[in-house]
Amino acid sequence: MSIQSNIQSIRQHIPSHVRLVCVSKFNPNESILEAYETGERIFGESKVQELCGKYETLPQDIVWHFIGHLQTNKIRLIVPFVSLIHGVDSYKLLVEINKQAAKIGKTINCLLQVHIAQEETKFGFSPEELLYMFETGEWKQLENVRICGLMGMATFTENREQIRSEFRTLKTLFDRTKQSYFTTEATFCELSMGMSDDYQLAIEEGSTLVRVGSSIFGRRMYNP
Ligand SMILES: *Cc1c(COP(=O)(O)O)cnc(C)c1O
């Protein structure tokens, strides 16, 4: 299967209110350009160095999303051009992004990552931590970040019902957050959930941004 035909078949499963993030990590520029030629513009990367290299060498109208775990000392490298940071997994990181964005007079779109999986290894706020953070209200002073929604990853399992229920938990949390803290902000509207193996489930459960890598580009040489 070619990248082009992979994208065409994925598009048939994505309704118009959901956007596709082509996860191009570990894939070369030529592969990204193949996806680009089909009309895709949103690409997701999980390593800062790799993202910066690709940003410099690929077409300027690509919309870059950062989807990985971001280290505070690398924020400044992506802040000048990144469109959305999916994985903001602590309040401290949000504060740092705000600080680096303020230095260059930008406002950075962010999604807060919530830990919904049963695995220990995945990053993110617990639902309690998230609600506590919103409740304290301090975040409202961070004028150089815009919280656009939530992001999460389901457990790596064959159990579809478990995955569905984790996505549902995230959607419930999203709705609750929207109602309590962002009633008037139209920009709080993104729910990033779903990858190659579970994006259709995620869409059924309310995803607005699906992050699809291997179903587009084939299996990666090595894993993140
Ligand atoms: C790698 C990655 C993806 C894409 O995974 P696939 O299974 O290849 O579609 C999505 N989200 C995040 C956070 C990733 O690191």
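In this predicted model, residues 24 or more positions apart supply 59% of the protein's contacts that have a separation of 6 or more. The fold that those contacts hold is built from nine helices and eight strands. With a radius of gyration of 17 Å, close to the 17 Å that the globule rule gives for 224 residues, the protein is as compact as a globular protein of that length. The C-alpha trace spans about 50 × 45 × 35 Å along its principal axes.

Next comes the split between inside and outside. Of the 224 residues, 52% are buried. The accessible surface adds up to about 11,100 Å², and carbon and sulfur atoms own 48% of that area.

Helix α3 (48-57) gives a handy look at the packing. Its buried residues are V48, E50, L51, C52 and K54, so the list includes charged residues, given that Glu and Lys count as charged. On the partner side, the buried residues of α3 pack against two helices, α2 and α4 (75-78), and against two strands, β2 (42-45) and β3.

Just past α3, the chain runs through a loop to β3 (63-66), and Q60 sits in that loop. Q60 has a relative accessible area of 56%, so it counts as exposed, the cut-off being over 50%. F81 is 21 residues away from Q60 in sequence, with a C-alpha to C-alpha distance of 9.9 Å.

Another loop, the one between β1 (19-23) and α2 (29-37), holds F26. Here the backbone does something worth a second look: phi of F26 is near 65°, a positive value in a residue other than glycine. For context, most residues other than glycine have a negative phi. As for its surroundings, F26 has a relative accessible area of 14%, and because buried means under 20%, F26 falls in the buried class. The two loop residues thus land in opposite classes, with F26 buried and Q60 exposed.

Finally, the empty space. Rolling a probe the size of a water molecule over the atoms shows where such space is left. The second largest pocket has a volume of about 190 Å³. Its lining draws on W139, K140, L142, E143, V145, R146 and I147, along with F182, E185 and T187. By character, that lining breaks down into five nonpolar residues, four charged and one polar. The charged residues of the lining are K140, E143, R146 and E185, while T187 is the polar one.

Note on methods: Residues are numbered from 1 along each chain as its sequence is written. This is a predicted model: local features need pLDDT of at least 70, side-chain atom pairs count only at pLDDT 80 or more; totals for chains, interfaces and linings use all residues. Side-chain values use heavy atoms; hydrogens and water are left out. On a 1 Å grid over the protein atoms alone, a cavity is a set of points where a 1.4 Å probe fits but cannot get out, and a pocket is an open set with protein on both sides within 12 Å along at least five of seven lines; lining residues have an atom within 4 Å of a point. Grid points are joined across faces, edges and corners, and a volume is the space filled by probe spheres set on the points. Helices (H or I, at least four residues) and strands (E, at least two) are DSSP runs, numbered from the N terminus. The radius of gyration is taken over C-alpha atoms; the globule rule is 2.2 Å times the number of residues to the power 0.38. Buried means under 20% relative accessible area, exposed over 50%, partly exposed in between (1.4 Å probe, protein chains only). Contact means heavy atoms within 4.5 Å. Accessible areas come from the Shrake-Rupley method with a 1.4 Å probe; for residues, only the protein chains shown count as cover.
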